[in-house]
Amino acid sequence: MGFAAYSDPLLKFMLWVGLAIFGVTLLLLVQTMLLRMQLIVRQRREQRLAEQWQPLFAQSMTAVPQFLPPIAKSDWDAFLRLWNHSQESLSGESKHKLNQLAWACGMGHVAQQLLEQNNMRARLMAVTTLGHLQEKNAWAKLKRITDDPHPLLSLAAARALMQIDAKAALAELLPLFTRRHDWPLNKIANLFNEAGPDAVTGPLTQAVGSAAPEEFPRLVRLLDAAHSDEALPAIRRILQSATDDRVISACLQALRDPDDVGLARTYVRHPSWFVRVQAVSALGRVGSKNDRDALIAPLSDSVWWVRYRAAQALAGLPQVTLDEVRQIRESITDRFAQDILTQVIAEKQTA
Amino acid sequence: MNWTDWITGLQWFFVLYFIGSNIGYILLNLLSIRTLRTYMEARSLGDLPAYSGYEPPISILIPAYNEEATITAMVHSLALLDYPEFEVVVINDGSEDNTLATLQHDFSLVVFPEAYWQRIKGKGVRAIYRSMTYPNLRVIEKEHGGKADALNAGINASRYPLFCAVSADSILQSDSLRRAVQPFLENPLTVASGGTVRIANNCEVKNGFITGIELPKSGLALMQIVESLRTFLFGAMGWSALNAVLIISGAFGLFRKETVIEAGGYHTSTSGEDMELIVRLHHMLRLKGSPYHITFVPDPIFWTKAPENSRALKTKRVNWQRRLAESLTLNMPLLFNRKGGVVSWLAFPFVMVFEWLGPMFEVMGYIFMISGFALGLISWQVFSVFLMVAIGFGMLLSVTALLLEELSFHIYPKTTQLAKLLIAVLLENFGYRQRVSLWRFIGLLRWIFNRKAPAK
């Protein structure tokens, strides 16, 4: 036998390993129970805090109450979470009133302190709070945090800067908006919506003029996200000189003006199918009855999506009736084109 | 070497195998603690508005074969999902019951002349229906070809860039899509995401959603809760941190359509099409050198009823093992491939040794040690150390999984529920785990001897 008694050093070692495993298991069991107890205590405290402060938040919409209860350090996190959630649901003057309450409670300074901590959650809370408070004194620190590698923290800092001064922030953040691909476009679009098109379109349009070609696709999408007509001239300019398929596709996606019909027509026979899809879709949006014939050829495209969008565009052209679409279907011989038109006609009928 | 040397060698092999596998899982666990902490920090500050209309639209695909009893409730619950834009595509895979008639009646289906684009080849589509009451519902009626073939037909018919494959018996949460799509929003390189499956036995279900969470009354289902915590919270979560998740549950998975089509869609000749697809996506993208992410979302995404009797559970585990074996063997060139990175050199070998072949070593280890001890070939000291290591590590891992749950979602809010789970994590190591290993070993043997898998 290899080992027979606990006196064998290896077996002894294994025995200790086994005992250690049981010991650690027991400790983790206790920790799990302690965590649950902590959770219960925390939830109760947070509930009490909410019951105490929510009426005061409501009261502060008219005037900040003169006497505010002190907030213990252990309640900072819960208070700020409650306050930030209330801020998210408010707009206009109410936000300012709630800010006054936070200042009166000393939360501006608390947020500045939390910003210095290493804890990610505390910093995130601080950044969000300072943004709502529009604390100009925190500008430099927040600006530094926009370079943080963590996308959530850096984007929260970008949002805070936009809340403090949208125009100034945009001037500083534009290079980051185009460069930081870890900042999701939908989150940036939210920031633009909060800031409004007036604050966003000008700087974005200017940025297009000096952008490097590889930045164009993202810039065009950002311009589109700004939902502004002022963005269109810039998009046209880019489209006229664009050679990259992704840029062309992004520009075509943003076309909304009937004056751009010529541009859309140019790309209907483009070699890349994803450009053709956007071109026929754009033609559907900005085209007229005159574009009927231009949309018939793509009905026989090798890619289903091009055929489908072309059929949708054709059936959606102004002054083109369903009867006319049926006539087109009867007049063409390509089976794929006929099938796709049959589908789109049925969709129109059931819509 | 004489026979005593052999016995000594074998007893050491089994003890070390148990230690090695458990240390591997503990390392995975440490990784998932770190990932989960970061995730929970981000999640707890959900202050930034969630919606802007930029969420990509999603096609939800439900393959249905003889689902007349559940399909209507399932589709109704999907209509209540909290997501800006999605369509529901039910694929009736040649059901022999009244699945189609039920759908036709309950959703006012009419035949629709759709130009079906067969990008992935499969069995013939007989008709496509559109609902007159739910504009975003379509039903594909096709010849029976199995779940994978049905999903491929659904992919062909889907309109949107992302598709979500859902089992007809899953119970989703209203925010399931919103949670699962987050990786796609945060990282454009994401090609697939999956989430945690939770056990729905004894839970209150209203309008197709879970409204009250209770622990199952059945002890067997309770053990499966612990098992699923271990599998998902630290198994999948740990691998996700390394971008090496090899398993996403077939009951709910969100995929980028074009990537799946490029990979050839679901494999129709395996019963483990869901697992196989994930391994194949890794295989294709790693070998191409294309950057990508397959992400596991730790949030509870969907709920399912766990088997409450041994027979049903055995069938499930036996099938699971077969499916795992098929998905790995179909992608064997990925193993130790120089282009495969962490998937080829760590995740694939790990899953192969500890998940695929693991049940064999575990069962043989137990048989060898018990019989050796009974025959007096192995000393009681060695035997007791073996049991301490095998059972002790099992307990440690299960307790850690519960700790992760307590650190993150604490789905079971009552203290009595936690107490029951604490007892379950200890008890499951005395009989339940060994039984599951035995069933999985049977699954492995059946796969080796190529016995036909039960029809899906």
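The face of helix α12(A) that is turned away from its buried side carries the exposed residues A:Pro233, A:Gln240 and A:Ser241, where exposed stands for 12 or fewer other C-beta atoms within 10 Å of a residue's own and buried for 20 or more, with C-beta atoms placed from the backbone. This is a predicted model, in which local features need pLDDT of at least 70 and side-chain atom pairs count only at pLDDT 80 or more, while totals for chains, interfaces and linings use all residues. Residues are numbered from 1 along each chain as its sequence is written, and chains are lettered from A and ligands numbered from 1 in the order in which they are written. Helices (H or I, at least four residues) and strands (E, at least two) are DSSP runs, numbered from the N terminus.

**Helix α12 of chain A**
- In this helix, which covers residues 231-241, the buried residues are A:Ala231, A:Leu232, A:Ala234, A:Ile235, A:Ile238 and A:Leu239.
- Seen down the axis of α12(A), these buried residues fall within an arc of 160°, so they line one face of the helix, the arc being that of the directions from the helix axis to the C-beta atoms.

**Strand β6 of chain B**
- In β6(B), residues 162-166, 5 of 5 residues are buried, with B:Leu162, B:Cys164 and B:Val166 on one side and B:Phe163 and B:Ala165 on the other.
- Strand β1 (residues 58-64) of chain B pairs with β6(B) in the parallel sense over 4 bridges, pairing requiring at least two DSSP bridges between two strands, and B:Ser59 stands opposite B:Phe163.
- β6(B) also pairs in the antiparallel sense with strand β11 (residues 252-256) of chain B, over 5 bridges, and in β11(B) the bridge partner of B:Ala165 is B:Gly253.
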